[in-house]
Amino acid sequence: MEIDVRKEGQAVVISLTGRMDAVAAPQFDRTAADLLAQGDRRIIIDFTALEYISSAGLQSILALAKQLEDFEGTVILSSLAGPVREVFDISGFSLIFPIYDRCEDALAAL
């Protein structure tokens, strides 16, 4: 999995490419920990190029959201499609997180 992190105004956008599984989830966790250590509290995760997510990936996203709650931060998801969207819907995660069709819409919501 590839992770691209960029600042967009008051938010940080994490763009994921490839597969977020048990092998890749720790890489996401390290990236998230670095962002929290830098004081970032508004995070958008862009799934445009993510092809697959496993339960380990879901767990990493949930862990980030719980950590951000302690700092009154937020996680917003964007551009979920195909099998990735199905996993979020089946697991009920689509009811937990705000989800936007486009990253631009998620940024505007902040």
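Strands, as the word is used in this tour, are DSSP runs of E with at least two residues, numbered from the N terminus. The model you have open is a predicted one.

Begin by selecting residues 74–78, which form strand β4, and within that strand pick out Val 75. The relative accessibility of Val 75 is 5%, and because buried means under 20%, this residue counts as buried. To see what surrounds Val 75, show its contacts beyond four places in sequence, which are Ile 43, Ile 45, Leu 64, Ala 65, Leu 68, Phe 97 and Pro 98. Of these, Pro 98 is worth a distance label, since it lies 23 residues from Val 75 in sequence while the two C-alpha atoms are 7.8 Å apart in space.

Next, select helix α1, residues 25–37, and draw a line between its end C-alpha atoms, which are 18 Å apart; this agrees with the 18 Å expected for 13 residues at 1.5 Å a residue. Now colour the buried residues of α1, namely Ala 25, Phe 28, Thr 31, Ala 32, Leu 35 and Leu 36. If you turn the view to look down the axis of α1, these buried residues fall within an arc of 135°, and so they line one face of the helix. An α-helix has 3.6 residues a turn, so residues three or four places apart point the same way.

On the other side of α1 you will find Arg 30 and Ala 37, which are exposed. Return to the buried residues of α1 and add their packing partners, which are β1 (2–8), β2 (11–20), β3 (42–53) and α2 (55–69). Finally, step just past the end of α1 to Gly 39, where phi is positive, at about 95°.

Technical notes:
Residues numbered from 1 in each chain as written. Predicted model: local features only at pLDDT ≥ 70, side-chain atom pairs only at ≥ 80, totals over all residues. Heavy atoms only, no water. Helix = DSSP H or I, 4+ residues; strand = E, 2+ residues; numbered from the N terminus. Buried < 20%, exposed > 50% of the residue type's maximum accessible area, 1.4 Å probe, protein only. Contact = heavy atoms within 4.5 Å. Expected span 1.5 Å × (residues − 1). Arc of directions from axis to C-beta.
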